[in-house]
Structure formats: structure tokens, C-alpha cells
Amino acid sequence: MRHLLSTRDLERASAIRLLDVAEDMAQTADRAVRTLPALRDKTVVNLFFEDSTRTRLSFEAAAKRLSANVITFSAKGSSVSKGESLKDTAQTLLAMGADAIVVRHHDSGAAHRLANAGWIDAAIINAGDGTHEHPTQALLDAFTIRQRRFGADARGRGLDGVRVAIVGDILHSRVARSNVWLLHALGADVHLVAPRTLLPHGIDTWPVAVHEHLDEALALAPDAVMMLRIQSERMRDAFFPSAREYGREWGLTAERFAALGPDTMVMHPGPMNRGLEISSVAADSSGSTVLAQVTNGVFIRMAVLYLLVAGSGSDADPIGGQG
Amino acid sequence: MTALLIRGAALLGGAPADLRVRQGVIVDRGSLSAEAGERVIDAEGLVALPGLVDLHTHLREPGGEASETVLTGTRAAAAGGFTVVHAMANTTPVADTAGVVEQVHRLGQRAGYADVRPVGAVTVGLAGEQLAEIGAMARSAARVRVFSDDGHCVHDPLLMRRALEYVATFDGVVAQHAQEPRLTVGAQMNEGALSSELGLAGWPAVAEEAIIARDVLLAEHVGARLHICHLSTAGSVDIVRWAKARGIAVTAEVTPHHLLLTEELARSYDARFKVNPPLRRDEDVHALRAALADGTIDIVATDHAPHPVEAKECTWAEAAFGMVGLESALSVVQQAVVETGLLDWAAVARAMSTAPAAIGRVEGYDEPLAEGSPANLTLVDPAHRRSWAVSDLRGRSTNTPYTARELPGRIVTTVHRGVLTVDGGELLGPEAVIAAHQEVDHG
């Protein structure tokens, strides 16, 4: 694997390997010395054309835990906001000696373009591109589901037969896209739930079951319910009439939450709109994985950086022995 | 050299014959022997076609000289076998006055590579609010007959009705860029499963088809002619077929790229494949080819749209729409519809010369390669094969989608008003072309 651009072309074996390496990374979190030397003298650039404090901090923490030099380049206030092109920015970073570029961009395909246009020779990690993909988010979601489901026995496993319902603005969600492909590759039974206005055209060709009503999907007793953030400005574009109606029809209300099985995971990529797509009682419940997702995000990003940047020895054990 | 003898060319792909050109006119045709002072062009194995007529070209001048000028664009045209181009109105300033269209027309005359027929804007500034001075442009020295807001749809139905009526008054035609603007806000590529996967905002087929359906009915109601630019979907074909069966005076064009390329190319996020209307599905490509073969679609037009490098070396959403197409048009048509057995060369001549000339009211193209016709012709070597490269381009911009694609055919010779603009596969220099025109005009 040279870059991580999408989960669409991630095979099951590679995905499981990534999750397993993340398990290794998670174990190091309990050590007295948590920093690993794996990326010493390597430079990781966080290139953020779009604000995302959470994702940026997660990647920064991951790179630092691997001893990399970290440069963060935010578009706001930099030459990028003054009209510098993606190409020129990439070549500037190349001149700085970047080994890996973590890129977040408001346009779909930006990471793909950086990886393939011949502008720069560095590992490219997609940290979210437009409405296309957000592969590390899907990986951390899969990691979280696997760990909750299988605990210490998670290593080496897929998610075969695990039923996951993803609810909300599928149309505009890169998180949903990355999760669809990854969860499918891992053998999960994926269900998407949204009003028809927020379902992408041609979704019938995706390897998922589609529901227009949340109650219909919840009746199938999913193992995990993943609520997507809904942007209330969507109602101005006639995707739904009001926040209240959206919450009533597609929100994980207290009533819907109460009807879920006791082991059902409640997931959210954050930031949450409490009272809109998710009720506080659901978000703060013991079934909620919201904070675990944040913690696991660092491990997944460590695994990705390690596998892409540590070089030809990346098949070696990253932490020098199991535990 | 204004006396030419073209030997042994397959006229419109038919039987080989000779053509004699004197003072800008085809004076003889048949089995001819060389005369003194005559340049003999051996055209054995070549197909002779009438000079190609492009109804849809962006020459960018005035205002966009970084991408193309009238001179560079008509050089690209000659290299592609064209002798007439219709220069679209979306320049800066917009071609919405007699002054601008006359300037563009004159620049074409001065360059001498092809006749430049300016297209006039339908509305002032392409803003879709009030009619441009259509009469003044029609009566100007540029004699404008095609009016279009191309790049923008004349979406207001009342304004479109008035435009059809008013343009008909001057024997013109409205060439509609059929795109419902509200259905295509932020649109990036064909809407379907692939756009959903790639996360690129969709440009649904219905946004084109709804406007075409409305406009053929308007054209019927007011009894005016209507031309549809760059038709791109199977559904649009069905509507135009229905309209023609009903006797509505509608004509339609398809671009070479819509006859060959599909939306799958967007997977690369390489903005060279970003065009408006977008590349569609395989089934659309096949419907467009069939429609060109059965006459539902009348013409092929390039929509040659030059852009500077930086407008394509960026993310897909940031990139400009459009591709250059003059140099590659005939090769792409050969690959898409000739080699697939759908059109013979006579039909290609109709779709790329006779019919577009008739729509644009261009004189001298109604009897291709006939004795007494103006000497506008091109000789193509259909057996030639090449891997298309940026070095095959002759315009100022390089945004071709065909790089590294194997394409058939090569323009060996182009004759514009009796003057060689391409000779032995090489584009002639500006001074040589100007000098030859003077010789024809005064010799």
C-alpha cells in the first residue's frame, strides 16, 4: 500500500491487517513510555484546506506518538487561501521533504489528485475529501465495532454478519461512503437509512440495504447504529422541511433508543447535534462509543502512518514483540 | 501556388477521381492530366471531403487570449480539416453587439486559415435578461445567423419564446445550451451511481431533456427553427426524434467527445475529462451514435473549449469545463462512427460540412466537391494510426482528453478558398497563407 485514498479499493486482508496493527498501537497506550521510534526522522505534513480540529489533532497525536516530525499547514491565513493551487502547495511540501501528507480538502478527489498527478512523491493519506471519502474515520469505526464485539479476541477477525445501520445525510457524507465499502469488505451487513432526498442517486448498485424509515431499520435489531451529523442548513435546500420533522422521523430519540437492545452500539463520528439527530440519553449511554471512537482514531492513524511511511520494513512488527 | 491538381482522391470516400482548383474554385473533376504551372497533389489512398464546418467553437478572442486567439484557433481548425468555424459569443466583452462580431469576423479574414462566422449572444452579456441587438448583428458585415448564450441556458421560458420569434425575423437560429440551471447547481459530472461513489455533484440527464422538451414545443408553437447544442443523453435523442417526426424545425448537434468517451474517465479525477455537458454513460454514447446515423442528430460540432494549464491542473471542482477538439474531431468521428460501420464518408461530409453550413446559412457548401463550388476541402488519410499527443495540437491550449489514446486518421491537406493551409500533413505558416490568399484574390 502506497497511499490511503479510499476504502473502496481496500481489500479485506489489507483492512484486517490495518485493524490488527491498530490493536498493537492500542497496547502501547498502556506502557510507561508511549512514544515509539518507528517514524524517527520522517516528516509528516498535515495539510488542511478545510477546518477540522478533531481530525487534525488526531493525526498530529498519531504522528508524534511515532516520533515523526509534524508540520501542520492550515489553509486559513496561509498562501493557500490567497489562491495558491493544490499543485504549488504540493510542490512546496515536496521541497520541504515531506514523507507523508495527510490531506483534508473541501473538494472530492483532492487526495487522489495529489497521489496521481505526478506533482509530489510522498505517501498521501486522505483525511476527508469533499463528499467522497474519509477512510481513517471508517477504519476507526470498524475498529471500534470489532473491539466492542470481540474484545481481546478481535485480532485477525472481520465483521462477518455484524449488522450496522448508518442513518442520516448519506448524500453528502464521506463518512458513510467510506463505511459502506469498508464494512462490506469486512463482511458486515450494512443498512443505510435516510429520507429519499438524502440518498445518493444510483444507490441501488451499492452493496447495502436501503431504508427510508428509521423504525424499519431498527426493527432489524442492528448491532450498531451510526448516526451522521445533519447540517440544519440542508433544510433551506429543500432536503427536508424542518429540523423538528427530521429529528422526529430520522433522529435517535429517547424513545427509539429505549427500544434498542441492551448491547446495541450507538455511534457518531462527531461533532454531534444533540436533540437533532441524536438524543442526549443515547449519546451519553453505556452503549455509546462516541469517546471510544475518538481514542481509537489515534490508534488507527498510527497504524496507517506506520504502514505507509515506515518504509520497506513495514511488514515487521511495529512495536517489537506482541505486548 | 493557386493552381492545384488533386490526383486520385476517393471523393467522399467513393470512386477515386481528380480535382482541379483554379482561383479558389473547383473547376474540373474527373480523370484529368496535369497542366503547366499546376501544383500536383498525389492523393492516392486519401479521402476527399468538403472543408469541415464547425458550428460550435470557442476562439476566446477578445478577452481570453491566454487560452486561444482567432489566429491560433483557426490554425487548429485548419489542422483538423475545417474551413469554417462559428465563434461562440462568450468572450470578454461578450459578442452581443455588431462591433464585437465584426471585429472577430475581421480577425478571421485577416488570418486566412478559415472563415470565422461569429455567433451572436441571444441576451445582453449572456445574462438571460434582455435580448441583445440581434438585428444589428445580423445586418453587420459579419452577417450573424446563429445566436447562442452557450455556456448559459436561455432558461426563462418567455425570453426563449421571444428569442425564437425575434431571431426568426432575421433568418437566424437560436442554438440552445440545454441546461436547467436549478437542477445543475454546482454540478460536476453525470448524475448516477458513479457520481454518487466519487462524491461529485451530479448533472442529471433530466436537466438537459427538460429544456429540450420545452424548447421543441416552443419552436413548434411559434414556428421558428431551433438548434440544440451538444446533445448528450439517450433521453434527449428520444425527444428530438419525436419532435422531428412531428415536423418541428429542430436540428441537433453532438460533440466528438460525447461519441467516444464515457463518465468512467472521471474516476481519475483528472480534470481534462471535465466538460459541460458532462461525459455520460456507455448507453448514451451508443444512442448518440445511432441518432447521428439515422439523422435524428444532424451534425457533429466540436465545442472546442481551450483553457490554460492552470485551469485543469487543480481539483475537479475547481477546474474549468471543456476540452479542445478541432484537431482531433475527424479522427474521433472516424473511430466512433466510421470504423463501427454506422456512417460512411459521405455521411460524415453531411454531418460535418453540408448540414452545419446549412444551419449557419454559410454559402458554398451545398454541393460538396462539385464543379463550380468554392475550393474548400480536406484530404484525410484514414489508414493512418497514431497515439494522440499534445504535439498533435496546433492551438494555444493543451486540454485534450485523448492523450495517449490510439486514434485513426490524419489530415494531410486542407484547402481554404483555394489556398493550402495544410500541406503534406504540415500546417502552413501565417505569412504563406496570407500571401496565397492575395494571389488567389488578385491573380
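## Helix α2 of chain B: the buried side

In this predicted model, α2(B) tucks away six named residues: Val100(B), Val101(B), Val104(B), His105(B), Gly108(B) and Ala111(B) are buried. They span an arc of only 130° around the axis, so they sit on the same side of α2(B). That fits the usual helix geometry: with 3.6 residues a turn, residues three or four places apart point the same way.

What do the buried residues of α2(B) pack against? Their partners are in chain B: α1 (70-79), β7 (82-87), β8 (115-118), α3 (134-139) and α12 (430-442). Flip to the face turned away from the buried side and you'll find Gln109(B) and Arg110(B), which are exposed.

## Length and end of α2(B)

Helix α2(B) runs over residues 98-111, and at 1.5 Å a residue its 14 residues should span 20 Å; the end C-alpha atoms are 20 Å apart, so the two agree. Just past the helix, Gly112(B) takes a positive phi of about 85°.

## Helix α6 of chain A

Over in chain A, α6(A) covers residues 174-185. Its 12 residues should span 16 Å at 1.5 Å a residue, and the end C-alpha atoms are 17 Å apart, which agrees.

Here 10 of the 12 residues are buried, so α6(A) is largely enclosed by the rest of the structure. The buried set includes Arg174(A), Arg177(A), Asn179(A) and Trp181(A).

## The two ends of α6(A)

At the N-terminal end, Ser173(A) acts as the cap, with a side-chain oxygen 3.2 Å from the backbone nitrogen of Val175(A). After the helix comes Gly187(A), with a positive phi near 90°.

Definitions and conventions
Residues numbered from 1 in each chain as written. Chains lettered and ligands numbered in written order. Predicted model: local features only at pLDDT ≥ 70, side-chain atom pairs only at ≥ 80, totals over all residues. Heavy atoms only, no water. Helix = DSSP H or I, 4+ residues; strand = E, 2+ residues; numbered from the N terminus. Expected span 1.5 Å × (residues − 1). Buried < 20%, exposed > 50% of the residue type's maximum accessible area, 1.4 Å probe, protein only. Arc of directions from axis to C-beta. Contact = heavy atoms within 4.5 Å. Polar contact = N/O pair within 3.5 Å; in protein donor to acceptor, adjacent residues only side chain to side chain.
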